[in-house]
Amino acid sequence: MSSKKRETRKRIAEYLSQGMSRAEAFYRLQGGVFNDRNLATIIAATPSPDLFAENKWKVRLMHLVSSLQVLLGFFIGWQIGAPLGDGSAVLCSLLMALIPALMLWGFVRNSINAYNAYILVQLLQIPPQTTMLLDGGWETPAGWIGMAITLSLIAYAFVLRRLLFPSMGVFSARSSKDGEYVFA
């Protein structure tokens, strides 16, 4: 990333920390090194300390869920690697815990990309769970409980993402019908 782009990102953070509105920061920085769409997305994805403080317990719950997923990945990796040998158990454990650990790190840093990745990874778990249910998992409640937990985690992460980053659409800043960017 060029130094001008880094400077612009620093200015965005400074403007927002000084209490300037996102719309005003957008208009001040318009026409710089970023095109309007990218600038609006960067501004909308910049975390607001006020929103994180307001939703502190919800964010902490997300940290807890992610921490549990790191531990679960570690233990599942150990179970997979243990029959192969001690070195394999450690390697499998670390690999299985890597993605949840990266997401936890993103949640701690208040990154919208962590929420997007978390939702995507959880969505990718639905097809195998559905296949398991169709292949005879109807009789046991474990399949249904797993599907309910996955759907609940997707909904929770999506709602929390909307609360913390209200100016973001799916992958970029929200815009009106006129094409102008709307900041919350």
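In the predicted model, helix α2 passes helix α3 in a right-handed crossing. The two elements span residues 22-29 and residues 36-45, respectively, and their axes come within 10 Å and cross at roughly 145°. On the α2 side, the residues that meet α3 are Arg 22, Ala 25, Phe 26 and Leu 29. Their counterparts in α3 are Asp 36, Leu 39, Ala 40, Ile 43 and Ala 44.

Two of the residues named in this helix pair, Arg 22 of α2 and Ala 44 of α3, are also among the contacts of Ser 167. Ser 167 is located in the segment that follows α9 (141-164). With neighbours within four places in sequence set aside, Ser 167 is further in contact with Ala 173, Arg 174, Val 182, Phe 183 and Ala 184. The relative accessible area of Ser 167 is 1%, so this residue is classed as buried, the cut-off being under 20%.

Helix α2 also contains a charged pair. Side chains of opposite charge can pair when their charged atoms come close. Here, Arg 28 forms a salt bridge with Glu 24, and the closest N and O atoms are 3.3 Å apart. The two residues are separated by about one helical turn, because they lie 4 residues apart in helix α2. Glu 24 has a relative accessibility of 36% and therefore counts as partly exposed. The count of salt bridges by the rule applied comes to 1.

A nonpolar patch was found on the surface, with an area of about 640 Å². The patch is made by Trp 57, Leu 61, Leu 64, Leu 68, Leu 71 and Phe 75. Of these residues, Trp 57 is placed in helix α5, which covers residues 56-81. Trp 57 counts as exposed because its relative accessibility is 58%, the cut-off for this class being over 50%.

A backbone feature was noted at Asn 110. This residue is not a glycine, yet has a positive phi of about 60°. Asn 110 lies in the loop that connects α6 (86-108) and α7 (112-124). At a relative accessibility of 22%, Asn 110 is assigned to the partly exposed class.

Methods
Residues are numbered from 1 along each chain as its sequence is written. This is a predicted model: local features need pLDDT of at least 70, side-chain atom pairs count only at pLDDT 80 or more; totals for chains, interfaces and linings use all residues. Side-chain values use heavy atoms; hydrogens and water are left out. Patches are made of residues with over 30% relative accessible area and no salt bridge: like charges are joined within 9 Å, nonpolar side chains (Val, Leu, Ile, Met, Phe, Trp, Tyr) within 5 Å. Accessible areas come from the Shrake-Rupley method with a 1.4 Å probe; for residues, only the protein chains shown count as cover. A salt bridge is a side-chain nitrogen of Lys or Arg within 4 Å of a carboxyl oxygen of Asp or Glu. Buried means under 20% relative accessible area, exposed over 50%, partly exposed in between (1.4 Å probe, protein chains only). Axes are lines fitted to C-alpha atoms, for helices over the stretch in contact, and angles run from 0 to 180 degrees between N-to-C directions. A crossing is left-handed if the near helix is turned anticlockwise from the far one by less than a right angle, and right-handed if clockwise. Contact means heavy atoms within 4.5 Å.
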